[in-house]
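Trainee: Can you walk me through this one? I'd like to hear the reasoning behind the labels people put on it.

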Amino acid sequence: MAELAQLIDSEVFLAYATYTTIVLLKMMLMSVTTAFFRITRKAFSNPEDTVTFGKGENAKKYLRTDPDVERVRRGHLNDLENIVPFIGIGLLYALSGPALSTALLHFRIFVGARIFHTIAYLTPLPQPSRGLSWAAGYAVTISMAYRVLTTGLYL
């Protein structure tokens, strides 16, 4: 295996860093979207968040769930369940020395699938659009994991 400094300076690692940054920013945007929906729908989960709308019984009516807020939260949770493994496995994959074209294909499909998944979740688009976008991203992560395991198998 090449030296770590060489790998980090490689085009594959730079591509990994670029696409990981994009998908992390997208995931961070889901937090802002959740806050936006909470404020516009006046649906909060913590009593201290309702202070702006009054005190006592008046504020308690804002301690509730809202279908739109919950939809955004579920989309964000799905991001956490899929982007975190991509980051770890993608790093190992980038360091395993794949061809740049193959790595770009993996990274671009994953990021595109996650962006489309969010659009399908928030719009909402009819199924199987969300399911297929989830499956595409998941398959990319599995493909990268397979490459890592078959490249440096030390079992």
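Mentor: Sure, and keep in mind that this is a predicted model. Start with the overall dimensions: the radius of gyration of the chain is 20 Å, whereas a compact globule of 155 residues would have one near 15 Å.

Trainee: What box do the C-alpha atoms fill?

Mentor: Along the principal axes, the box is roughly 65 × 35 × 30 Å.

Trainee: How do you know which kinds of elements the chain has?

Mentor: From the DSSP runs. They give six helices and zero strands, and read from the N terminus the order is α-α-α-α-α-α.

Trainee: What does UniProt list as "transmembrane region"?

Mentor: The unreviewed entry lists residues 12-37 and 83-111. In the model, residues 12-37 are 100% helix and 0% strand, with 37 Å between the end C-alpha atoms. For residues 83-111 the figures are 86% helix and 0% strand, and the end C-alpha atoms are 9 Å apart.

Trainee: Now Arg-114. Why is Arg-114 called buried or exposed?

Mentor: Buried means under 20% relative accessible area. Arg-114 has 1%, so Arg-114 is buried. This arginine lies in helix α5, which covers residues 100-122.

Trainee: Which residues does Arg-114 touch, leaving out those up to four places away in sequence?

Mentor: The contacts are Val-23, Lys-26, Asn-78, Asp-79, Asn-82, Ile-83 and Trp-134.

Trainee: And why does Ile-22 count as partly exposed?

Mentor: Partly exposed sits between the 20% and 50% cut-offs. Ile-22 comes in at 34% relative accessibility, so the partly exposed label applies. Ile-22 belongs to helix α2, residues 11-41.

Trainee: What makes the nonpolar surface patch that includes Ile-22?

Mentor: Ile-22, Ile-115 and Ile-119 make the patch, which is about 220 Å². To join a patch, a residue needs over 30% relative accessible area. At 34%, Ile-22 meets that cut-off.

Trainee: Back to the whole chain. How much of the chain counts as buried?

Mentor: 36% of the 155 residues do. The accessible surface adds up to about 9,200 Å², and carbon and sulfur atoms hold 67% of that.

Trainee: What share of the contacts with a separation of 6 or more comes from residues 24 or more positions apart?

Mentor: That share is 72%. A contact here means heavy atoms within 4.5 Å.

Notes: Residues are numbered from 1 along each chain as its sequence is written. This is a predicted model: local features need pLDDT of at least 70, side-chain atom pairs count only at pLDDT 80 or more; totals for chains, interfaces and linings use all residues. Side-chain values use heavy atoms; hydrogens and water are left out. UniProt positions are given in the numbering used here, feature names are shortened, and annotations may be inferred rather than shown by experiment. Helices (H or I, at least four residues) and strands (E, at least two) are DSSP runs, numbered from the N terminus. Buried means under 20% relative accessible area, exposed over 50%, partly exposed in between (1.4 Å probe, protein chains only). Patches are made of residues with over 30% relative accessible area and no salt bridge: like charges are joined within 9 Å, nonpolar side chains (Val, Leu, Ile, Met, Phe, Trp, Tyr) within 5 Å. Accessible areas come from the Shrake-Rupley method with a 1.4 Å probe; for residues, only the protein chains shown count as cover. A salt bridge is a side-chain nitrogen of Lys or Arg within 4 Å of a carboxyl oxygen of Asp or Glu. The radius of gyration is taken over C-alpha atoms; the globule rule is 2.2 Å times the number of residues to the power 0.38.
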